[in-house]
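Student: I have not looked at this protein before. Please show it to me, and then I will ask about it.

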Amino acid sequence: MRKPSHRSRAVLAVTAAAVLGVAGCDAVGGNEAAPTHGAKPAPAWDVSPASVAAVGDSITRGFDACTVLSDCPEVSWATGSSTEVDSLAVRLLGRTRAAERSWNYAVTGARMADLRGQVAQAVARRPQLVTVMVGANDACRASTAAMTSVADFRAGFEDALTTLRKSLPKAQVYVASVPNLKRLWSQGRTNALGKQVWKLGICPSMLSDADALDSAATLRRDTVQKRVEEYNKVLREECGKDRRCRFDGGAVYAYRFGTAQLSHWDWFHPSVDGQARLAEIAYRTVTAKKS
């Protein structure tokens with residue numbers, strides 16, 4: 001076989017380099033097209049998604065915001081239609097489109113173990129944004145021993161995200177932190193009616209014997225509070241692994257709910273005003289230019 005000339009070898013080298021260059025771009029970019037020369041790559045996060053699905057627990061269902069011991073999804077911070085709240089969906093989509101392009105799959109009483117099933121329902125709608133607020137019920141148990149372990153909480157969240165990504169690899173996820181349950185106790189315990197409602201079984205690990213300040217009661221509440229902080233650490237870490245997931249940075253946990261933001265039936269769940277504050281936090285996080 002004839003030995004290739006110097007010019008032929010040069011042409012082959014240039015061609016190989018071009019092929020390897022294309023392969024290298026594909027390896028870095030996955031299934032997303034490489035940007036053309038001079039063009040900026042598409043951002044991973046869209047600040048104006050066109051549809052919203054909500055998953056979570058009683059807070060997202062507007063529980064006790066309108067009537068005692070009842071859901072009131074129309075005032076939900078995530079997808080509600082109330083003009084007093086201006087939900088995240090309304091702020092992002094406008095009132096008319098929000099009615100058509102937002103869905104609430106949250107369930108009162110839900111825990112992290114229930115999230116995967118809710119996500120499975122939500123993906124059928126193919127939403128561009130999924131909101132997640134869950135974890136309070138994992139800490140609000142009959143006793144501190146019954147609280148969801150941190151390991152199980154993490155596994156449940158990972159499972160839910162995996163379920164989402166299998167069907168909607170490019171859907172965005174907003175994750176709200178678990179509220180500061182100890183602050184809710186400290187605010188609500190000033191109301192006699194609220195404490196009577198608490199006796200019906202609302203968050204007993206934190207709210208039972210609401211006026212007790214002995215060492216055992218203090219230890220119990222501190223144990224619940226520590227678990228909530230650990231849950232929030234899990235949410236931050238796991239969300240941080242996904243480029244299309246935004247955690248609120250602990251904003252819901254840090255928000256200082258006062259009596260005006262608490263339900264006047266149970267003095268624990270958010271009132272209509274409290275729901276509006278949650279919507280504000282979510283909107284700021286979702287529309288921020290950078291996470």
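Student: What area does the protein chain expose, and what share of it do carbon and sulfur atoms supply?

Tutor: This is a predicted model, in which local features need pLDDT of at least 70 and side-chain atom pairs count only at pLDDT 80 or more, while totals for chains, interfaces and linings use all residues. Residues are numbered from 1 along each chain as its sequence is written, and side-chain values use heavy atoms, with hydrogens and water left out. Accessible areas come from the Shrake-Rupley method with a 1.4 Å probe, and for residues only the protein chains shown count as cover. The protein chain exposes about 14600 Å², and the share from carbon and sulfur atoms is 55%.

Student: How many helices and strands does the protein chain have?

Tutor: Helices (H or I, at least four residues) and strands (E, at least two) are DSSP runs, numbered from the N terminus. By that count the secondary structure comes to 12 helices and 5 strands.

Student: What percentage of the 291 residues is buried?

Tutor: Buried means under 20% relative accessible area, exposed over 50%, and partly exposed in between (1.4 Å probe, protein chains only). Of the 291 residues in the protein chain, the buried ones make up 48%.

Student: Which elements do the buried residues of α6 pack against?

Tutor: Helix α6 covers residues 150-167, and its buried residues include Phe153, Phe157 and Leu161. A contact means heavy atoms within 4.5 Å. The elements packed against these buried residues are α4, β3, α5, β4 and α10.

Student: Is Thr163 buried or exposed, and which residues is it in contact with beyond four places in sequence?

Tutor: Thr163 is found in helix α6. Thr163 has a relative accessible area of 15%, so it is buried. Its C-alpha atom is 6.8 Å from that of Ala120, although the two are 43 residues apart along the chain. Leaving aside neighbours within four places, the contacts of Thr163 are Arg116, Val119 and Ala120.

Student: In which sense do β3 and β4 pair, and over how many bridges?

Tutor: Two strands pair if DSSP finds at least two bridges between them. Leu129 has Gln172 in β4 as its bridge partner. The pairing of β3 and β4 is parallel, over 4 bridges.

Student: Which residue in β5 stands opposite Tyr174?

Tutor: Gln172 and Tyr174 point one way from β4, Val173 and Val175 point the other way, and all are buried. β4 also pairs with strand β5 (residues 245-247) in the parallel sense, over 3 bridges. Opposite Tyr174 in β5 stands Arg246.

Student: Arg183 is buried. Which side chain of opposite charge is nearest, and how far away is it?

Tutor: Arg183 sits in helix α7 (residues 181-188) and touches Tyr255, Arg256 and Phe257, not counting residues up to four places away in sequence. Lys and Arg count as positive and Asp and Glu as negative; His and the chain ends are not counted. A salt bridge is a side-chain nitrogen of Lys or Arg within 4 Å of a carboxyl oxygen of Asp or Glu. Arg183 has no salt bridge, and the nearest side chain of opposite charge is Asp273, at 12 Å.

Student: What span should helix α12 have?

Tutor: The expected span of a helix is 1.5 Å times one less than its number of residues. Helix α12 (residues 272-287) has 16 residues, and its end C-alpha atoms are 22 Å apart. That agrees with the span it should have, 22 Å.
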